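Here are my notes, as requested, set out as numbered points. They are meant to be read with the structure open.

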Amino acid sequence: MTKLLCIGAGYVGGPTMAVIAKHCPQHEVRLFDINEKRIAAWNSDNLPIYEPGLKEVVLESRGRNLFFFTSEKIAEQIDWADIIFVSVNTPTKTFGLGAGQAADLQYWEKTAREILQYSNHSKIIVEKSTLPVRTAEAMENILNTNNNGFHFDVISNPEFLAEGSAIENLENPDRVLIGGHKTPSGKKAVQAIVDIYANWVPKERIITTNLWSSELSKLVANAFLAQRVSSINAISALCEKTEADVEEVAYAIGKDHRIGSKFLRASVGFGGSCFKKDILNLVYIAQQQSLPEVAAYWEQVLKMNEYQETRFVANMVHAMFNSLSDKRIALFGAAFKANTSDTRESPALVVCRELLEERADIVLCDPYALENARQDLGDKADQVHYELEPYKAAEGAHAIAILTEWDLFTNLDYEKIYQSMAHPAFIFDGRNILDHDALYRIGFNVYAIGKAPKQHFHRNEVDSEGGMY
């Protein structure tokens, strides 16, 4: 039996180790987190994160070979483990050198020092957190400057999970990437991690590389995906000006096998904990390596995303007679994407904050993410109304903005909703998930991303912000 410990039981560590425990009943798997409330939730029927299929996987293994622990057990857990997965938070640094771009590695370094302090035998350390390239070198320097004769092999095993489909991604991954040194000890450590995944992942999908290629590949993968989103969103602004339809454009170019159709869905913007953080990290690395043109290229991906969010709000203001003051607006969606409760970097919350600046009366509606939204809105939280029921959220509203692509929002009775709203009634579809022709026939003025507006009045104003007139 191999003893596996994961430090950090969040959106990555929790699902990853639950799936490993499911497919490797011969191994004991433990998760540790300093957040006692989170661990209590993992040990309950009300898990700390929402992810389709996660609860079933956890319940299958919990108490058999999957266990959750918190602070007072840290020394015991570290000493117990043969392999330690490190999945702690690595947010963007907010202070000092590299503030606003570089990864903040304080939690990661603290974990490395705790591993050194409490270990009484050699171990394999696996990077699951998203880290700057060559971070493993720093971890090795911390761990292997000990006088007790222990040796720590550091392996990079980045996650490529998409929230909302994390369990599916783990059960049937496109690839598992494992990076390590080409030394005899490094090769043995890499093989140990390969053997874990080989219990359910076909060997042709398990890729082994050197340590630095693995670390960089994670940043680059997220940067490329975000780049595609920003690219189609840039075209959506042009479509609105020319009365082209961005969905038709995306379909046409996606049929080119060299381009493909993935991540060509125009929207209010991308969010989540990874894309922005990883691109900022990539920008910082390029700058530190004296590659300003490379840094500027990737920075533009983020600027385009911010432009799309701001443009969405500007379109709302201009369409609604240049004033949102005291107008009730129902925001359908708080999570950054469907099938997750995660609101980190959610475009919905960016839109919410900007609408509050316009003095609108905001009602936020989401089936799973309202509590996280309340926390992430910080000092703005008390200015927002929170409502689980979409029909109640829309009552008396002047407008609805679709900000998360939950199936729930596509299946509502919009005739009923229209009758309950103030008129003229507006819908701003930031995800292009609704039937716009049907909404227009009901009576809505419909504004969608990358499409000509469908409105029941005619206006001649020119929108200098790239609006939907």
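Which residue stands opposite Phe32 in S2? The first point gives the answer, after a word on the model.

1. The model is predicted. In it, Ile7 is the residue that stands opposite Phe32 of S2. The contact belongs to the pairing of strand S1 (residues 3-7) with S2, which is parallel and runs over 5 bridges. S1 and S2 are also joined in a right-handed β-α-β unit, with helix H1 (residues 13-23) as the helical part.

2. S2 (residues 28-32) also pairs with strand S3 (residues 66-69), again in the parallel sense, over 4 bridges. Here Leu31 has Phe68 of S3 as its bridge partner.

3. Strand S2 is mostly covered, with 5 of its 5 residues buried. In a regular strand, side chains alternate between the two faces of the sheet. On one side of S2 are Glu28, Arg30 and Phe32, on the other Val29 and Leu31, and both faces are covered. Note that the buried set includes the charged residues Glu28 and Arg30. The charged end of Arg30 sits over the ring of Trp80, at 3.8 Å from the ring centre.

4. A second example of a charge over a ring is Lys416, whose charged end lies 4.5 Å from the centre of the Tyr391 ring.

5. Helix H8 (residues 184-197) has 14 residues and spans 21 Å between its first and last C-alpha, close to the 20 Å expected at 1.5 Å a residue. Its buried residues are Gly186, Ala189, Val190, Ile193, Val194, Ile196 and Tyr197. Viewed down the axis of H8, the buried residues fall within an arc of 155 degrees, so they line one face of the helix. The face turned away from that buried side carries Pro184, Lys187 and Lys188, which are exposed.

6. Further along the chain, 6 strands form an open sheet with parallel pairing, in the order S11-S10-S9-S12-S13-S14. Strand S11 (385-386) and strand S14 (445-448) are at the edges with a single partner strand each, so one side of each has no neighbour in the sheet.

7. Within this sheet, S12 (residues 399-402) pairs with S13 in the parallel sense over 4 bridges, and S9 pairs with S12 in the parallel sense, also over 4 bridges. Ile402 of S12 is the bridge partner of Phe332, and Ile402 also stands opposite Asp429 in S13. Ala399 has Phe426 of S13 as its bridge partner. Both faces of S12 are covered, with Ala399 and Ala401 buried on one side and Ile400 and Ile402 buried on the other.

8. How many aromatic pairs does a search of the whole structure find? The count is 16. One pair worth opening is Phe321 with Phe426: the ring centres are 5.9 Å apart and the planes stand at 75 degrees, so the pair is edge-to-face. Phe321 lies in the loop between helix H12 (292-319) and strand S9 (328-332), and Phe426 lies in strand S13 (residues 426-429), so the pair ties together parts that are 105 residues apart in sequence.

9. The two rings can also be compared by burial. Phe321 is partly exposed, at 44% relative accessible area, whereas Phe426 is buried, at 2%. Both belong to one aromatic cluster, which also includes Phe428, Tyr447 and Phe457.

Notes:
Residues are numbered from 1 along each chain as its sequence is written. This is a predicted model: local features need pLDDT of at least 70, side-chain atom pairs count only at pLDDT 80 or more; totals for chains, interfaces and linings use all residues. Side-chain values use heavy atoms; hydrogens and water are left out. Helices (H or I, at least four residues) and strands (E, at least two) are DSSP runs, numbered from the N terminus. The expected span of a helix is 1.5 Å times one less than its number of residues. Buried means under 20% relative accessible area, exposed over 50%, partly exposed in between (1.4 Å probe, protein chains only). The arc is that of the directions from the helix axis to the C-beta atoms. Rings of Phe, Tyr and Trp (its six-membered ring) pair if their centres lie within 6.5 Å; planes under 30 degrees apart count as stacked, over 60 as edge-to-face and the rest as tilted. A charge sits over a ring if NZ of Lys or CZ of Arg is within 6 Å of the ring centre and within 35 degrees of the ring normal. Two strands pair if DSSP finds at least two bridges between them. A crossover is right-handed if, with the strands pointing away from the viewer, the path from the first strand over the helix to the second runs clockwise.
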